[in-house]
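Let's take a friendly walk through this structure, one piece at a time. Keep the 3D view open and turn it as you read.

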Amino acid sequence: EKEKEIQSRLVNPNIAHLIDAGSTEDGIPYLVMEYTRGIDICEYSNRENLSLKERLKLFNKVCDAVAFAHKNLIIHRDLKPSNIIVTEEGEPKLLDFGISKLISDDTDETQTVTRLGVMTPEYASPEQIQRESVTTATDVYSLGVILFELLTGERPFEKELSGTGNIFKTISEKKPEAPSDVLLKLQTSETPDYNAKGGKDEIKSSGSESKTARLGETETLEFIGETRQQFSSINPKQLRGDLDNIILKALRKEPERRYQTVEGFSTDIWRHLDGMPVSARPSTFNYRASKFIKRNRVGVIASAFVLIAILGGLFTTAWQARRAEIERAKAEKRFGDVRSLARSILFDVYPT
């Protein structure tokens, strides 16, 4: 009944809709959902070798769907790539609101408490891990993890969470690495050598260690090669700056320091795509000026030429005026000399 209530409120082209619900004669409840043919968003982006801009635009469609759910007082709480299917037409579909919780009408719009304990740790926020109050900022955190993976091929704490480390401590306390640094390591790391002593235990290639446990040697080598090829079109420099700050803001440990709405998260991405300053970075004069110059490169260059021409004209005018002043001074001096000479001659010829 809860699932039916949730799904009935989510009529959106990017959310799989509910067709029917009921119970069998044996009392087993069922839901009839829209059938979505496609693959998860990360697999789709890699298979289609999407550019950075295409990945960001696709991700923003997902943000729009999540924002729609939030406006209907629904928090998803289990956002992950396998719950975001991209159809053959390239449209994302948000699935599985099974652990979602309606925000009670008699409480604050953004406050609800997780009681199910059902989540995917790799994409769960610190407050979910700690069983604390869950808000719309929880979905913002999960979206941050998804975007991190979409642009780098790895999750923020991939290696730590794949081992026997303390998941609670890692997600709650460890600061994530900048996405640009993760992507740079992936692109510059050496291919693992399985003929070397130690075999798979000696693998040091970034992005491969967590997958090695699940894949054979040949499969892992193929995986690393494919991953590099899939992300070769994205330059780590493209992530450095705005995108690093946007993603890291979404991944902050304290919910109040993240984007408070998915719209805010999405807006910063659009502003980055449009060459505008983003809220995730300090609004300094140099930053805003550099954004303005990049956004209006042709106009700035043309204005610079005009300014140079004006300054050149002013300099030339000033130089010519100065030259004229010097020549006038010389002429006056020559005239004075001639006058003095004439006067001395007159006094010599006609002495008083």
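In this predicted model, a good place to begin is the pair formed by helix α12, residues 242-250, and helix α13, residues 262-273. Their axes lie 10 Å apart and meet at an angle of about 175°. Since angles over 145 degrees count as roughly antiparallel, α12 is roughly antiparallel to α13. On the α12 side, the contact uses Asp242, Leu243, Ile246 and Ala250. Facing them from α13 are Phe265, Asp268, Ile269 and His272. Sorted by class, the residues of this α12 and α13 contact comprise 5 nonpolar, 1 polar and 2 charged.

Helix α13 also has a partner in α3, and here the axes are 9 Å apart with an angle of about 155°. That angle makes α3 roughly antiparallel to α13 as well. If you look at how the two helices cross, α3 passes α13 in a left-handed manner. From α3, the contact takes in Lys53, Leu56, Lys57, Phe59, Asn60, Cys63, Asp64, Val66, Ala67, His70 and Lys71. From α13, the contributors are Val262, Glu263, Phe265, Ser266, Ile269, Trp270, His272 and Leu273. The residues in this contact of α3 with α13 fall into 10 nonpolar, 4 polar and 5 charged. Phe265, Ile269 and His272 of α13 are worth finding in your viewer, as they take part both in the contact with α12 and in the contact with α3.

Now stay with α3 for a moment. How far should a helix of 20 residues span at 1.5 Å a residue? The expected span for α3, residues 52-71, is 28 Å, and the C-alpha atoms at its ends are indeed 28 Å apart, so the two values agree. After α3 comes Leu73, which has a positive phi, near 60°.

Another neighbor of α3 is α5, packed at an angle of about 165° with the axes 11 Å apart. The two are therefore roughly antiparallel to each other. This time the crossing is right-handed, whereas α3 passes α13 in a left-handed crossing. The α3 residues that make the contact with α5 are Leu52, Arg55, Leu56, Phe59, Val62, Cys63, Val66 and His70. Those of α5 are Thr136, Asp139, Leu143, Ile146, Leu147, Leu150 and Leu151. By class, this contact of α3 with α5 contains 11 nonpolar, 2 polar and 2 charged residues. Leu56, Phe59, Cys63, Val66 and His70 of α3 appear in the contact with α5 and again in the contact with α13.

From α5, residues 136-152, follow the chain into the loop that leads to α6, residues 158-162, where you will find Glu154. Is Glu154 buried or exposed? Its relative accessible area is 6%, and buried means under 20%, so Glu154 is buried. Glu154 also comes within 7.8 Å of Val182, C-alpha to C-alpha, with their positions 28 residues apart in sequence.

Two arginines are worth a look for their backbone. Arg77 is not a glycine, yet its phi is positive, about 75°. Arg77 sits in the loop between β4 (74-75) and β5 (84-87), and its relative accessibility of 3% makes it buried. Arg131, also not a glycine, has a positive phi of about 60°. Arg131 belongs to the loop between α4 (126-129) and β9 (133-134). With a relative accessible area of 48%, Arg131 is partly exposed.

Next, go to strand β3, residues 38-40, where Gly38 is placed. Gly38 has a relative accessibility of 37% and so counts as partly exposed. Leaving aside residues up to four places away in sequence, Gly38 touches Ile85, Val86 and Thr87. Its C-alpha atom is also 5.9 Å from that of Glu88, although Gly38 and Glu88 are 50 residues apart along the chain.

Finally, step back to the whole chain. It has 15 helices and 9 strands, and 42% of its 352 residues are buried. Among contacts between residues at least 6 apart in sequence, 64% join residues at least 24 apart.

Note on methods:
Residues are numbered from 1 along each chain as its sequence is written. This is a predicted model: local features need pLDDT of at least 70, side-chain atom pairs count only at pLDDT 80 or more; totals for chains, interfaces and linings use all residues. Side-chain values use heavy atoms; hydrogens and water are left out. Axes are lines fitted to C-alpha atoms, for helices over the stretch in contact, and angles run from 0 to 180 degrees between N-to-C directions. Helices (H or I, at least four residues) and strands (E, at least two) are DSSP runs, numbered from the N terminus. Angles under 35 degrees count as roughly parallel, over 145 as roughly antiparallel, 65 to 115 as roughly perpendicular and the rest as oblique. Contact means heavy atoms within 4.5 Å. Ala, Val, Leu, Ile, Met, Phe, Trp, Tyr, Cys and Pro count as nonpolar, Asp, Glu, Lys and Arg as charged, and the others, Gly among them, as polar. The expected span of a helix is 1.5 Å times one less than its number of residues. Buried means under 20% relative accessible area, exposed over 50%, partly exposed in between (1.4 Å probe, protein chains only). A crossing is left-handed if the near helix is turned anticlockwise from the far one by less than a right angle, and right-handed if clockwise.
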